[in-house]
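The following note is offered to a colleague beginning work with protein–DNA models. Please read each point with the structure open alongside.

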Number of protein chains: 2
Amino acid sequence: MTSRPPRPRERGIPEATVARLPVYLRTLQALQDRGTLTVSSEDLASAAGVNSAKLRKDLSHLGSYGTRGVGYEVRYLVYQISRELGLTQDWAVAIVGIGNLGRALANYGGFGTRGFRIAALLDADPAMVGRRVASLDVGHIDTLETVVRDKGVSIGVITTPAASAQAVATRFVGAGVSSILNFAPVVLNVPDGVDVRKVDLSIELQILAFHAQRRNGDEGHGAEPAGLELT
Amino acid sequence: MTSRPPRPRERGIPEATVARLPVYLRTLQALQDRGTLTVSSEDLASAAGVNSAKLRKDLSHLGSYGTRGVGYEVRYLVYQISRELGLTQDWAVAIVGIGNLGRALANYGGFGTRGFRIAALLDADPAMVGRRVASLDVGHIDTLETVVRDKGVSIGVITTPAASAQAVATRFVGAGVSSILNFAPVVLNVPDGVDVRKVDLSIELQILAFHAQRRNGDEGHGAEPAGLELT
DNA sequence: TAGATTGTTAATCGATTAACAATC
DNA sequence: TAGATTGTTAATCGATTAACAATC
């Protein structure tokens, strides 16, 4: 466990690092677009909004891709991070729930500049099925299993109302999809080995409210408003 | 620093706990809707998707709101968490960038069941200004400062393209808004004391892709595709 | 060689978890 | 009293950070 093979570093990049790699990637791509060839950890870290020690530690998990005294070659680092994240292959994505949010996502072009392809849009509402959204025909939710198989979908995005989200997740899992991005405000129950990430607007707002209240001096805290003391 | 006052526990709830309180709150509200009066840490934790030791530790930061041998009274815990999160007051929210996503958010009714009120919608596009979205007239971005002042906006939501996001953030900050929720795929630069949270679809997808690739046995890893070796 | 910057070490900090005494 | 469940302790784990030797 403590032996250190020379190059193909031990698997197991820390989760916190994985979550920052996309930010570094995006920052590097912006540098690349501006024609920058080389960047130091200090400059890249500052552009990505992290501290440079953290950046270097993060990158060290991928390998030794920098040059001491010089920095990192932008193009090479873009490629290495893309590869590590699995963006050198194409991931087919299905979106279920074509309401406002589903349509917004379907129409959102730049999925991290590449790596993801929206392969199917599904909805339960007969009035929505058959409509054309973002150059795709909306299919009926009942075809989920077929669509997953035929289109090779490996990532499912859930933008249904909360009440339907669990059923959709279960069907995704049954169809062999083990990566799910959930926008519905509900905790999904899935078997081990299925990866669920959630995006939740109201949770984010509530966290902001907590800090804002803290900043505002927490006025009104401590005194319980009449009628809510309990029981 | 190590003295322990008896009740009004020391301020400073861990960030990880703050991020979970909204999940507990939502779970409790669902229990309340089903008429449940009391819940054990075991049952609540399981419904919220965390382990019960973590839940009890989290709640212990708020105070001693449970009863040994019995559990937690749902109604009381809902109130205490709401109060801690600052949801017993009303937060006015302004959304800037009324594209697909901005409209989706504006039309999204249930902002955590209450606590937040969309007070203004702003856009830079003259064709959008004046249109009615979610019972509000879309205003011009140039009125941001006035709107923030007049409507008492304290939370700013940015759903503009990446290129405009920083400018909007700077104007929000200048207008006195120090809580920002950013949907634009760009790192925002703000002064200390301003709280920025980001919601980023492509980052989430990239994290999913990383794990999916890992599960799939990482095929294709190691061999560098011709033409991308570097330089 | 002198200057710059990486990659790594080690210290510190914060989060998670099992276990259990306190107590309803 | 016996059974159940909280609140807290303490061990462990993972993440962050400063500092600096290695090295371009």
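**Note on the surface around DNA strand C**

1. In this predicted model, 26 residues surround DNA strand C, and those that come nearest are S41(A), G66(A), Y72(A), R20(B) and R68(B). Of the atoms of DNA strand C that come within 4 Å of the protein, 66% belong to sugar and phosphate.

2. Two side chains of chain B may be inspected beside the phosphates. An N or O atom in the side chain of N51(B) is 3.5 Å from a phosphate oxygen of DNA strand C. For K54(B), a side-chain N or O atom is likewise 3.5 Å from a phosphate oxygen of that strand.

3. A base is also approached: a base nitrogen of DNA strand C lies 3.4 Å from a polar side-chain atom of R56(B).

4. Which elements each supply at least two residues of the surface near DNA strand C? From chain A they are α3 (52-60), β2 (66-67) and β3 (71-73), and from chain B they are α1 (15-33) and α3 (52-60). The element that gives the most is α3(B), with four residues.

5. As to the character of this surface near DNA strand C, its residues comprise 11 polar, nine charged and six nonpolar ones.

6. Finally, the database record may be set beside the model. UniProt, in an unreviewed entry, lists residues 23-62 of chain A as "DNA-binding region". Over residues 23-62 of chain A, the chain is 70% helix and 5% strand. The C-alpha atoms at the two ends of this stretch are 15 Å apart.

Definitions and conventions:
Residues numbered from 1 in each chain as written. Chains lettered and ligands numbered in written order. Predicted model: local features only at pLDDT ≥ 70, side-chain atom pairs only at ≥ 80, totals over all residues. Heavy atoms only, no water. UniProt positions renumbered as here; feature names shortened; annotations may be inferred. Near = heavy atom within 4 Å. Polar contact = N/O pair within 3.5 Å; in protein donor to acceptor, adjacent residues only side chain to side chain. Nonpolar A, V, L, I, M, F, W, Y, C, P; charged D, E, K, R; others polar.
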